[in-house]
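Dear colleague,

I am handing over the structure below, and my notes on it follow directly after. Please read them beside the coordinates.

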Amino acid sequence: MVETTQLELVTPARIMTQKLVQMVVVPGVEGLFGVLPRHAPLLAGLERGVVEVHEDGKVTDRIMIDGGVADVSEKSVTIMAERAIDLATADLAVLKERAATAGEAEANFLNAVISTL
Amino acid sequence: MATLKDLKMRINSVKSTQKITAAMKMVAAAKLRRAQEAAVSGRPYADRMRSVTASLASKANVNSAPEMLVGNGKSAIHLLVVVSADRGLCGGFNGSITRQTRSEVARLQGDGKTVKLLMVGRKCSDALRREFGKHFIDSLEGVQGTSVAFSDAVEISETIRNGFANGDFDVCTMIFNKFVNAITQEITLTQLIPAEISSVNDSDAGVNYDYEPEEDELLESLLPRILSTQLYSALLESSAAELAARMTAMDNATRNAGELIDRLTLVYNRSRQAAITNELIEIISGAEAV
């Protein structure tokens with residue numbers, strides 16, 4: 001049985017992801033860092049970037065966040081982000097449409113998402 | 001004495017009012033479900049944000065902690081953020097907020113403080129404009145409604161933060177209606193600056209966290225977020241409470257209209273009966289005279 005850690009990604013509107021994962025890579029303000037089970041407790045500020053969920057050495061989920069905070073404990077990773085978009089289900093046309101009508105900060109983030117897709 | 005035709009018209013007019021209130025009630029009920037869901041699904045973020053900030057704040061150095069957390073040492077100028085609705089016809093919803101604000105302003109002024117007001121929602125700002133218009137620093141509309149956007153909360157929180165940084169006020173409190181259940185709303189006062197953060201529970205306090213970047217720097221970047229989060233959840237709660245209040249008010253109005261219709265119908269039938277009896281008496285007495 002592979003050890004896992006509980007990943008939670010919450011935005012103000014809802015809980016985006018909630019599942020057991022083997023490893024997650026998070027964009028910290030002082031650089032990317034990976035979180036494995038039994039990680040030392042850590043509270044880290046996050047930058048805009050992609051949260052990557054790793055399973056068996058492969059990336060299974062990629063979620064773009066617009067900065068936030070990560071609360072890491074031995075058994076869990078909680079990522080709080082004001083904006084987050086799952087890159088797997090994101091649709092370029094829909095994002096472009098939203099970016100055109102959204103406010104400045106939102107549009108800025110959406111354009112960043114579009115450029116990474 | 002109203003004629004039969006007048007009564008008929010009254011009944012019809014009450015009937016159409018009843019149709020409107022019944023429709024409004026159903027619309028509010030449908031929207032309430034969505035607003036309630038939004039308020040509930042917004043809670044995890046707010047809760048986690050609060051617990052993270054609390055654990056960080058408990059370890060922060062008192063002397064170097066940001067002013068947003070510990071205050072700037074003064075309490076001469078108070079800013080009240082008043083969250084009401086943009087629309088009426090929701091029972092005592094706006095009235096109770098207005099009343100609470102008025103008494104809060106009176107209390108603070110009685111203590112010799114200066115009061116400033118930031119109004120969110122049209123109804124309450126309309127009600128207080130004549131009295132306290134000169135204390136308004138801003139009044140916002142169209143923030144609530146069926147869908148509350150997080151970016152709106154961020155905008156308001158930026159206004160508040162800039163004001164605090166410029167020394168426009170020392171203490172900031174928010175007044176809003178909290179959604180308890182479909183028939184109760186509770187007026188809640190939350191102090192935003194200095195941040196009122198409940199202490200962490202014991203199990204959390206024991207953990208030795210690493211911080212990246214340093215505690216103070218992290219706290220500095222977290223406090224604006226927690227402010228936006230608090231505003232956002234207040235807006236969500238207030239929208240749900242508004243719809244709940246409207247639903248109850250319209251339900252009462254529909255029932256009252258029903259009662260009025262029953263009473264008017266009784267009067268109408270009685271007058272019709274009286275008219276018939278009169279006619280009969282005339283016919284019979286006419287026949288007897290011959």
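How many residue pairs does the rule find in polar contact across the interface of chain A and chain B? The rule finds 8 such pairs, both residues at pLDDT 80 or more, where a polar contact is a pair of N or O atoms within 3.5 Å, and within protein one must be able to donate a hydrogen and the other to accept it, while residues adjacent in sequence count only if both atoms are side-chain atoms.

This is a predicted model, in which local features need pLDDT of at least 70 and side-chain atom pairs count only at pLDDT 80 or more, whereas totals for chains, interfaces and linings use all residues. Residues are numbered from 1 along each chain as its sequence is written, chains are lettered from A and ligands numbered from 1 in the order in which they are written, and side-chain values use heavy atoms, with hydrogens and water left out.

At the interface, 25 residues of chain A are in contact (heavy atoms within 4.5 Å) with 22 residues of chain B. The two chains bury about 2100 Å² between them, 63% of it on carbon and sulfur atoms, buried area being the accessible area (1.4 Å probe) that two parts lose on being put together, summed over both. In chain A, P12(A), L43(A) and E82(A) lose the most area to chain B, together 32% of what that side buries.

Between the chains there are 2 salt bridges, the term meaning a side-chain nitrogen of Lys or Arg within 4 Å of a carboxyl oxygen of Asp or Glu; R48(B) and E8(A) meet in a salt bridge at 3.1 Å, N to O.

Best regards
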